[in-house]
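Work through the exercises below with the sequence and the model at hand. Try each task before reading its solution.

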Amino acid sequence: FLKSVAPGLSKSERSRNDREIRYQDSRCPIDQTFNPRRGFRPDDPMSCISWRGAKLYADWVNERERKEGRIPPGYEYRLPTEGEWDWAARGGASGEGACLYCTGAGMKKIAVTREESNEQARRVGSLEPNAFGLYDMYGNVWEWCGDWYSELDSDAPVIDPLGPDNNPDDCKVVRGGSFLSSGDSLNCGTRREADYRTGQSNIG
C-alpha cells in the first residue's frame, strides 16, 4: 500500500506521515522505510494508519497521477463517503433482504472474522468477492470513510447522503468490522466511530 510512496516523499512529508502510522504496533504491516515488515506481504491490508494518514496517501496519489495525466478532469482518489461505502459493500443491492451476503452463511463467504482469523488480518482477497467484485468489505479491517460520525437519521436522504460538518469527539466513521469482530455481529449496517487522529491494528 505505502511501499510505492517512499521514493516520492520529501523529508518533511515522511515526518508528517510518521505521525499518522503506528509503526510501534507489531501488527503494522510496514516499517518506517515503507517496506513490508518481516512476516507481512504487499497484499496484506494496510492498518495502524490514521484517517489523516489515509487521506495524505490519497492526496499523494492524486498529485502523482495528475502529473502523469492519468486522472480525467473532475476526478480524484479519496476516501468514500459512508453512503458510497454502503452501496459498494452491498454490491448495489438495496434493502437488507436484497443483499445475499448481509448475514449468516453469506457473510462467512466474504468476511474474515474473529472465529477463523486467529486475531490476525488476512491477505486481501483471500475470500470471495461481492457482486461488484470487491473483496474484504466486511471483516479483516474496519475501513475509514470520509464522513464525520453521527447517529443515523431516519429522515436523511437516501441518495448520496453526506455526514455532518464535524464531530464533537473528533471521530470519523469506520465501516465493515474486522478480524476481531464476531461473524454474528456483522451485517450491512455495521458501523462505529473512531478518532481520526489515531491508527489501530484493526482499522485500515
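**Exercise 1. The chain as a whole**

What percentage of the 204 residues of the protein chain count as buried? Describe the order of the elements as well.

Solution. Step 1: this is a predicted model. Step 2: 43% of the 204 residues count as buried. Step 3: the protein chain has 5 helices and 3 strands. Read from the N terminus on, these elements run α-α-α-α-α-β-β-β. Step 4: take the contacts between residues at least 6 apart in sequence; 65% of them join residues at least 24 apart. Step 5: the surface exposed by the protein chain is about 11300 Å², and carbon and sulfur atoms supply 49% of it.

**Exercise 2. Confidence**

Find the mean pLDDT of the protein chain, and say how residues 1-5 should be treated given their pLDDT.

Solution. Step 1: the mean pLDDT is 86, and 86% of the residues reach 70 or more. Step 2: over residues 1-5, pLDDT stays under 50. Step 3: the model has 18 contacts beyond four places in sequence for residues 1-5. Step 4: where pLDDT is low, predicted coordinates should not be read in detail.

**Exercise 3. The surroundings of Tyr 23**

Locate Tyr 23. Is Tyr 23 buried or exposed?

Solution. Step 1: Tyr 23 sits in the loop between helix H1 (11-18) and helix H2 (51-67). Step 2: its relative accessibility is 7%. Buried means under 20%, so Tyr 23 counts as buried. Step 3: leave aside the neighbours within four places in sequence; the contacts of Tyr 23 are then Asp 18, Cys 28, Ile 30, Asp 31, Gln 32, Phe 34 and Arg 37. Step 4: one of these, Phe 34, is 11 residues from Tyr 23 along the chain, and their C-alpha atoms are separated by 9.9 Å.

**Exercise 4. Cysteines**

How many disulfides does the structure hold? Apply the cut-off to Cys 48.

Solution. Step 1: the structure holds 0 disulfides. Step 2: for Cys 48, the nearest cysteine sulfur is that of Cys 28, 4.7 Å away. Step 3: a disulfide needs two cysteine sulfur atoms within 2.5 Å, and Cys 48 is in no disulfide. Step 4: Cys 48 is buried, because its relative accessible area is 0%. Cys 171 also counts as buried, because its relative accessibility is 9%.

**Exercise 5. A nonpolar patch**

Which residues make the nonpolar surface patch of about 310 Å²? Place Phe 132 in the chain.

Solution. Step 1: the patch is made by Trp 87, Phe 132 and Leu 134. Step 2: Phe 132 belongs to the loop between helix H5 (114-117) and strand E1 (143-148). Step 3: with a relative accessible area of 42%, Phe 132 is partly exposed.

**Exercise 6. Positive phi angles**

Give the phi angles of Glu 119 and Asp 170, then place both residues in the chain.

Solution. Step 1: Glu 119 is not a glycine, yet its phi is positive, at about 55°. Step 2: Glu 119 lies in the loop between H5 and E1, and it is partly exposed at a relative accessible area of 41%. Step 3: Asp 170, also a residue other than glycine, has a positive phi near 60°. Step 4: Asp 170 is found in the loop between E1 and strand E2 (171-175). Its relative accessibility is 26%, so Asp 170 counts as partly exposed.

Notes:
Residues numbered from 1 in each chain as written. Predicted model: local features only at pLDDT ≥ 70, side-chain atom pairs only at ≥ 80, totals over all residues. Heavy atoms only, no water. Helix = DSSP H or I, 4+ residues; strand = E, 2+ residues; numbered from the N terminus. Buried < 20%, exposed > 50% of the residue type's maximum accessible area, 1.4 Å probe, protein only. Contact = heavy atoms within 4.5 Å. pLDDT = per-residue confidence, 0-100. Areas by Shrake-Rupley, 256 points an atom, 1.4 Å probe, with all protein chains shown as cover. Patch = residues over 30% accessible without salt bridge, like charges linked within 9 Å, V, L, I, M, F, W, Y side chains within 5 Å. Salt bridge = Lys/Arg side-chain N within 4 Å of Asp/Glu carboxyl O.
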